[in-house]
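Reader: I have a protein to look at and want help reading it. Where do we start?

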Amino acid sequence: MYKVFLLLLFPIMLSAQTKIIKGSVTDTGSSKISSADITVYNLKNELIKTLKTDQNGYFSVEGISGDSIKIAVKKTDYAPFEKIVDLQKGNEFLKIILNKETQEIEAVVMTKQKPVVTRKVDRLEFNVENSNVSSLNAWEILKKTPNVTINNDVIAIKGGTGILVTINDKKVMLTGDELKNFLENTQGDEIKSVEVITNPPAKYEASGSAVLNIVMKKNKIEGYRGIVSSKYVQTQYAKGVTGVSQYYKKDKLSLMGSYYRGFGTYYREGTDYVNYQESQTRWVSTMNRKDKNNAQNTLNFNAEYEIDSLTNLSLNYSGFFSPKSFGTYVVPTLIYNSQNMAESDYTTINDHQSRTINNSLSFQIDRKLNKKSSLSWISYFTGNNVDKYQNVLTHLNFAGETPKDDNFFTQNKADVKLYSTQADYQWKDKKLEVESGVKYSFVKTMSGLDFSDNENGILQLRPEKSSLFDYKEHNFAVYSSLAYNLGKWNFKGGLRAEMTDLEGVVSEPYERNKNNYWNLFPTFYAQYTTESKHEFGFSYGKRISRPSYSWLNPAKSYYNLFSYYQGDPKLKATIIHNLNLTYSWKGWNLDLYYRKEIYPSMEISFQEPSTNNLIYYFTNIEKGQAFGASLYKSFQIKPWWTLILSENLEHNENYFKGMDDLLYKNKVWNWVSNVSTAVTLDKSNDWKMEVGHKYYSPGIQGTFTISSAWSAYFVMNRKFFNKKLEASFIVNDIFRTMGQKISTKYANQDNYFLDYGDTQGFTLSLKFNFGNQAVKNAKTIKKTDEQDRL
């Protein structure tokens with residue numbers, strides 16, 4: 001009977017021992033604070049409960065027992081609050097007032113400066129954020145990135161071309177001038193880092209000899225802030241960029257949007273020399289290309305929303321719109337006989353314009369499954385549309401012939417659409433990491449060329465010189481990788497399998513090229529760190545470099561009556577083997593590497609004596625291989641003085657079949673040097689100055705031999721008005737020494753051209769920060785209900 005009585009009485013006793021704590025959270029202005037984090041501890045500092053305030057700032061803690069508890073309240077932008085509550089006083093209503101956080105750190109000042117270069121097991125990370133180069137655009141930043149060289153607007157990593165450029169791991173569907181213009185209008189203050197991935201892990205698509213991944217900043221500042229910037233560039237002609245970036249973050253929502261507009265006149269000098277042994281003549285063409293573009297529009301928008309602490313959604317849009325680039329080239333050509341006398345001539349007037357539209361939209365969802373594993377899914381669509389028109393008039397004055405005029409029109413249209421979807425799974429603990437995933441992508445490109453001329457005295461369409469190229473490519477991939485941390489040793493290995501199904505159809509003359517193949521791409525990495533922080537690394541990776549879609553179009557794109565460019569729908573994909581040995585210690589970064597390329601594809605030129613045509617086309621050469629060493633070191637000579645040394649020495653060999661069907665070997669020792677020094681003139685105003693020098697020794701590309709070049713530059717940055725205004729002044733190619741000679745000479749092939757890309761000039765840029773530019777003190781983030789369930 002006694003036990004029954006106690007059993008009936010137990011709920012009443014329990015009710016008498018538990019308490020309900022209610023309260024409200026406001027700021028000093030009596031405004032209610034919603035979604036504040038409430039954490040309840042016992043006096044042993046053991047966690048009892050977690051909850052959030054409601055939309056009116058109220059909270060209620062039920063089922064609390066004991067004599068006293070500790071309540072902690074946290075909210076971004078507010079100082080943390082803690083209070084011991086005596087439960088013996090009854091059901092007390094707590095009125096909690098949070099004070100605004102007063103300690104601020106300027107967004108550009110770091111308490112601990114990150115290293116400029118960080119060596120990871122599978123990549124080299126170049127930290128752009130809070131560095132001197134953040135005032136430059138993305139194209140100029142790539143020129144300063146370790147192991148990256150840009151010569152004649154071609155991006156190379158340790159001498160290897162065919163680089164895959166990605167932004168936040170998403171492929172950029174632009175090449176050539178379009179890619180350069182896009183990167184020139186991408187501002188450095190939006191970039192966090194550049195990752196140089198010589199042997200990309202299995203997670204990355206296998207295309208490209210290496211990957212350059214540009215990591216954009218994420219908005220971490222609560223509230224609203226913005227940046228207004230403008231840039232003036234004076235080379236032969238003036239250019240400019242102006243725009244605005246805006247950021248907003250509140251609780252679970254983060255937004256970023258930017259718009260930049262570039263405009264100006266672009267100039268390039270060139271002279272072509274072609275020697276024909278058969279006719280003992282020398283053709284010299286002078287081409288000074290001047291193009292205007294009044295609207296290069298670059299847009300970016302990113303939205304991130306945290307559904308809960310386990311699930312995050314993001315939507316990203318980027319666009320590049322160049323509605324009209326136009327110019328008129330007047331190109332005189334003199335033809336010299338064997339006595340070096342000009343006996344004939346012709347003049348080409350090329351009136352042209354082009355339009356480029358690029359849109360990219362992506363959606364990503366990330367979900368934590370438990371404390372060790374996560375799942376992410378991303379889909380993106382990219383569309384690239386290019387329209388080029390030209391009207392070419394040629395005045396012919398050949399010896400022994402009646403002077404005459406020739407006129408033709410061409411219109412090239414290219415429309416590329418890419419859809420891709422990828423799911424990735426990751427499991428990770430302190431020592432072991434496993435990644436697996438699948439990916440499917442589909443590419444469709446339509447390229448058309450309409451050619452009209454007045455050969456019959458009347459301007460009319462010529463179907464036999466016109467063409468339509470339809471190309472489709474399906475790619476399916478699966479991958480898995482394993483990383484293991486064994487104290488001083490780090491290992492990582494992976495395998496990626498890709499199936500490619502492609503079909504290319506040419507309308508005139510009709511040709512159909514269909515192919516289906518599987519490839520396996522293994523990767524392996526090992527890194528050893530000694531007690532004294534010496535890091536030794538080894539990596540191997542197999543890659544494939546698929547031809548750009550424009551390279552597959554066989555239609556002849558005429559520069560003038562005697563010169564044209566042509567692609568090849570039967571281009572083979574290039575298989576690349578990369579082998580790397582690395583060493584890092586106290587900022588020293590040394591890479592020893594070997595690269596083997598099977599059927600590399602590239603642009604070469606050849607002269608046709610029977611028609612006096614100079615033809616540029618993309619083709620596969622037999623093979624290429626290179627070995628070399630690259631060195632990077634940043635010396636901190638004084639707290640205010642830094643010296644940066646970047647060197648790359650490489651032996652490069654290209655084997656190609658000439659027009660006489662014989663095998664030729666082109667080889668060279670190539671040295672690329674970049675030395676710069678930076679000093680801080682006034683630390684309080686971030687007033688910095690940098691002087692640098694770049695040197696390129698002679699190089700090769702297939703049949704081409706490329707002469708040496710060098711350039712000196714100067715950079716100065718300073719901040720004003722409590723660091724809200726930043727000014728930069730840059731002088732490039734101070735002595736105008738970046739002109740190069742690109743030549744082909746074997747058998748009956750003897751031609752070269754002199755090229756200067758109008759690199760000498762200065763840049764003045766201004767950037768003004770407004771809104772909330774302060775980073776609040778970072779406190780420990782409590783676990784939410786969802787995380788507790790992990």
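Author: Start with a term: a contact means heavy atoms within 4.5 Å. This is a predicted model, where local features need pLDDT of at least 70, side-chain atom pairs count only at pLDDT 80 or more, and totals for chains, interfaces and linings use all residues. Residues are numbered from 1 along each chain as its sequence is written, and side-chain values use heavy atoms, leaving out hydrogens and water.

Reader: Among contacts between residues at least 6 apart in sequence, what share joins residues at least 24 apart?

Author: Take the contacts in the protein between residues at least 6 apart in sequence. Those that join residues at least 24 apart make up 63%.

Reader: How many strands does the protein have?

Author: Helices (H or I, at least four residues) and strands (E, at least two) are DSSP runs, numbered from the N terminus. The protein has four helices. Its strands number 48.

Reader: What percentage of the residues is buried?

Author: Buried means under 20% relative accessible area, with a 1.4 Å probe and protein chains only. The protein has 790 residues. The buried part is 48%.

Reader: Which helix gives the largest share of the largest nonpolar core?

Author: A nonpolar core is a set of buried Ala, Val, Leu, Ile, Met, Phe, Trp, Tyr and Cys residues joined through side-chain atoms within 4.5 Å. The largest one has 33 residues, and Ile141 and Ile155 are among those that touch the most other members. Four residues of this core, its largest share, come from residues 138-144, helix H2.

Definitions and conventions:
Buried means under 20% relative accessible area, exposed over 50%, partly exposed in between (1.4 Å probe, protein chains only).
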